[in-house]
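Work through the exercises below with the sequence and the coordinates at hand. Each task is followed by a stepwise solution.

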Amino acid sequence: MSDYLDALETRNPQSREQALMNRLPQLIAHAQTAGGWASILAGVNATDIHSRSSLAQLPVTRKSDLKDLQKKASPFGGLNTTPSRQLGRIFMSPGPIFDPEGRGPDWWRFARPLHAVGLRSGHVLQNCFSYHFTPAAFMVESAAARLGCTVIPAGIGQTEMQVQAMAELRPDAYIGTPSFLKIIIEKALDMGADISSVQRAIVGAEALPPSLRKWLQDHGVAQVLQIYATADIGNIAYESMTEGQVNPGMILDEDLILEIVRPGTGDLVAEGEVGEIVITSFNPDYPLIRFGTGDMSAILPGISPCGRSNQRIRGWLGRADQTTKVKGMFVHPSQVAEVVKRHPEIGKARLVVTGEMANDVMTLHCESHDHSPALKAAIIDSLRDVTKLRADALFVAEASLPNDGKVIDDARKYE
């Protein structure tokens, strides 16, 4: 029995890269048949987009843009290439934000992470993601069908029934949030119920601290792996194990192109630097071109010890939307990026907001080899011009700002 879902997972990285780049022109041309993408990509010649450098010239469309796009062209902002009434399902998340599901097998590409945790035909899994309006549970359902697994559609809540189902139906795996699995285990201990059949867990939709992973393992769930997915894209990346140990990082799905950009911009960061995850998805019904997820991560160099050769990310490292309000006005990461672009002497910058209550103070911390008063004065002028607020500039040593992806650091005290 293969450790891998298919041969794509162990391809030579250069072969994978070339295959993805070869598909780009066709993806762009297909996306441009949808009204929303035709507008976003107006003037773009699809045949010119055949490399990472050419892809990086296209605009980033962010998840935060979807609500406005969908108001203009309901329900999907004109980003869908399959008509709404020909889809399999339509979901609604708070906002509201509408997300489609097509009719293809394993449409969300969830089989890879389920296979990586050891699920095979004949296994039973208890699906504890919500079936109500949102797609997570159906991502699991489609993958289970591909693998030949049996699903207990448990959903969320009703903890005693969850325990009863596990005790009597003996599922091999749990799929849902890690915090709910902890609640189920604690309830089983209170009830004196045997749920030891659950030896595997795929968890997502929230952070998994090392302490919680260890707690779950200490309470009988031998393999606990994370998945990183969104309602727009489906599976983005997932963990794997080798000889019982969780491997570093999360492995990118085979049908995506990953970029890491500076928050508020479309500019790529250096490899290893924290930034916003931007995904290009080769989905035939809902193609996404440079889609900013709003989540932060960084590329982890090298390939996984499990042998899967695709890119890895460090996992979820926070949210990219660092917009804050100063003296009644919003300040955006894109405005900080605009100031930095005006002054090439700045290598990296972070806007720090301090003060108490209404006494806000903005200071742009700048890594630069040039610490001249003239440059400082020019930066201050740019800050005033771009943000319409008074601010100061502070030069710091090169490579001294933390690698955490923060462009705006709101350090105000509200006590």
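**Exercise 1: strand pairing**

Strand 20 (residues 346-354) and strand 21 (residues 361-368) run antiparallel and are joined by 8 bridges. The model is predicted: local features need pLDDT of at least 70, side-chain atom pairs count only at pLDDT 80 or more, and totals for chains, interfaces and linings use all residues. Residues are numbered from 1 along each chain as its sequence is written, and side-chain values use heavy atoms, with hydrogens and water left out. Strands (E, at least two residues) and helices (H or I, at least four) are DSSP runs numbered from the N terminus; two strands pair if DSSP finds at least two bridges between them.

Task: trace the bridge partners through Cys366.

Solution. Step 1: Cys366 in strand 21 is the bridge partner of Ala349. Step 2: in strand 22, Cys366 has Phe395 as its bridge partner. Step 3: strand 21 and strand 22 are parallel, with 5 bridges.

**Exercise 2: connection and sheet**

Task: follow the chain from strand 21 to strand 22, then give the strand order.

Solution. Step 1: the path goes through helix 11, a right-handed β-α-β crossover (clockwise from the first strand over the helix to the second, with the strands pointing away from the viewer). Step 2: the open sheet has 4 strands in the order 22-21-20-23, with mixed pairing. Step 3: strand 22 (392-396) and strand 23 (408-410) are the edge strands, each pairing on one side only.

**Exercise 3: a helix on the sheet**

Task: which strands does helix 10 lie across?

Solution. Helix 10 (residues 333-342) lies across strand 20, strand 21 and strand 23, where contact means heavy atoms within 4.5 Å.

Methods
Axes fitted to C-alpha atoms, helices over the stretch in contact; angles between N-to-C directions.
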